[in-house]
Amino acid sequence: MFQQEVEKWSISFPWIEGGFNIKEVLTWNKALLSKWVWKLANPGPGLWRQWILTYCFKHESIWTVTSKDRYFESLKSILKVRDQWVEKFGDQAFSMLDSCQVGQKFLVTKAYDILRCRKPSLRWINALKAPDNLPRHRIIACLAGMKQLATIDNIVRRGMLLVNRC
C-alpha cells in the first residue's frame with residue numbers, strides 16, 4: 001500500500017522524472033541496511049561481522065540463515081532487507097548488491113537507485129535546469145507541467161467551491 005502512495009507523490013522522484021529530488025525515507029533506510037547485508041555477505045575483516053557470523057548465525061551464510069526471535073532488532077531489520085532483495089531479484093540478489101560496490105566500498109546511493117520506484121523521464125524538465133532558475137520557479141513549473149498547479153481552472157474542475165469576491 002505504501003508503495004502506491006509513494007508513486008502518487010512527486011517529491012520523492014528525481015528532477016528528470018518530475019519530482020523534487022528528495023529521497024524517500026523508507027527506501028533510503030533499506031539502502032542503508034543493504035550495506036550491512038553486503039558486509040555480512042562478503043568476506044573481510046571486522047569484529048562486528050565475525051561476532052554476528054560466529055554467535056548469531058553459527059557460521060551460516062547470510063543468504064541461508066533464517067530470522068529468529070532471539071535476534072536483536074537491528075539484525076532482524078537487516079535480515080528483512082535481505083529478504084526484500086531476494087524477493088525482488090531472486091537468485092540475482094547477491095550480484096545486484098555487488099553492483100553497488102566500487103573498489104572496496106559499498107555505495108548506498110547506488111543501492112537506493114536500484115530499490116527506488118521509477119517514473120518515465122520528462123522531456124521538458126531539462127529546460128528548468130538553468131542556473132538562473134530559482135527552486136521555487138522549478139517547483140511551480142513542475143506542478144504546472146503535471147497539471148497539479150492550483151489555478152482557478154483546476155480548482156473548479158475538481159469541484160471545489162470558489163467564492164469570487166474581493
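**Exercise 1. Which residues does Q101 touch, not counting residues up to four places away in sequence?**

Solution. Before starting, note that this is a predicted model, where local features need pLDDT of at least 70, side-chain atom pairs count only at pLDDT 80 or more, and totals for chains, interfaces and linings use all residues. Residues are numbered from 1 along each chain as its sequence is written, and side-chain values use heavy atoms, with hydrogens and water left out.

- Step 1: find the residue. Q101 sits in strand β1, residues 101-102. Helices (H or I, at least four residues) and strands (E, at least two) are DSSP runs, numbered from the N terminus.
- Step 2: list the partners. Contact means heavy atoms within 4.5 Å. With residues up to four places away in sequence set aside, Q101 touches W38 and F106.
- Step 3: check the exposure. Buried means under 20% relative accessible area, exposed over 50%, and partly exposed in between (1.4 Å probe, protein chains only). Q101 comes out at 26% relative accessibility, so it counts as partly exposed.
- Step 4: add a distance. Q101 and A111 are 10 residues apart along the chain, and their C-alpha atoms are separated by 9.3 Å.

**Exercise 2. Describe the chain as a whole.**

Solution.

- Step 1: count the elements. The chain has 8 helices and 2 strands.
- Step 2: put them in order. Along the sequence the pattern reads α-α-α-α-α-β-β-α-α-α.
- Step 3: look at burial. The chain has 166 residues, and 30% of them count as buried.
- Step 4: look at the surface. The accessible surface is about 11400 Å², with 59% of it belonging to carbon and sulfur atoms. These areas come from the Shrake-Rupley method with a 1.4 Å probe; for residues, only the protein chains shown count as cover.
- Step 5: look at contact range. Take the contacts with a separation of 6 or more: 48% of them are between residues 24 or more positions apart.

**Exercise 3. Work out how α2 and α4 pack.**

Solution.

- Step 1: get the geometry. The axes of α2 (residues 25-41) and α4 (residues 73-89) come within 9 Å and cross at roughly 90°. Axes here are lines fitted to C-alpha atoms, for helices over the stretch in contact, and angles run from 0 to 180 degrees between N-to-C directions.
- Step 2: name the arrangement. Angles under 35 degrees count as roughly parallel, over 145 as roughly antiparallel, 65 to 115 as roughly perpendicular and the rest as oblique. So α2 and α4 are roughly perpendicular to each other.
- Step 3: pick out the residues. From α2 come K30, L33, S34, W36, V37 and L40, and they meet S77, I78, V81, R82, Q84 and W85 of α4.
- Step 4: sort them by class. This contact has 7 nonpolar, 3 polar and 2 charged residues. Ala, Val, Leu, Ile, Met, Phe, Trp, Tyr, Cys and Pro count as nonpolar, Asp, Glu, Lys and Arg as charged, and the others, Gly among them, as polar.
- Step 5: pick up one more residue of α2. T27 lies in that helix and is buried, since its relative accessible area is 9%. Beyond four places in sequence, T27 touches Y112, L115 and R116.

**Exercise 4. Which residues have the most contacts inside the largest nonpolar core?**

Solution.

- Step 1: define the core. A nonpolar core is a set of buried Ala, Val, Leu, Ile, Met, Phe, Trp, Tyr and Cys residues joined through side-chain atoms within 4.5 Å.
- Step 2: read off the answer. The largest one has 25 residues, and F57, I62, Y71, W85 and F106 have the most contacts inside it.
- Step 3: trace the elements. Those giving two or more residues to this core are α2, α3 (47-56), α4, α5 (93-98) and α6 (108-115).
- Step 4: zoom in on Y71. Leaving out residues up to four places away, Y71 touches C56, F57, V65, T66, K76 and L79.

**Exercise 5. Compare C142 with L143: buried or partly exposed?**

Solution.

- Step 1: place them. C142 is found in helix α7, and L143 is in α7 (residues 135-145) too.
- Step 2: compare the areas. C142 is buried at a relative accessible area of 0%, whereas L143 is partly exposed at 22%.
- Step 3: see what lies across the chain. The C-alpha atoms of C142 and F20, 122 residues apart along the chain, are separated by 8.6 Å. For L143 and G19, 124 residues apart, that separation is 9.4 Å.
- Step 4: list contacts. L143 touches F20, Q148 and L149, not counting residues up to four places away in sequence.
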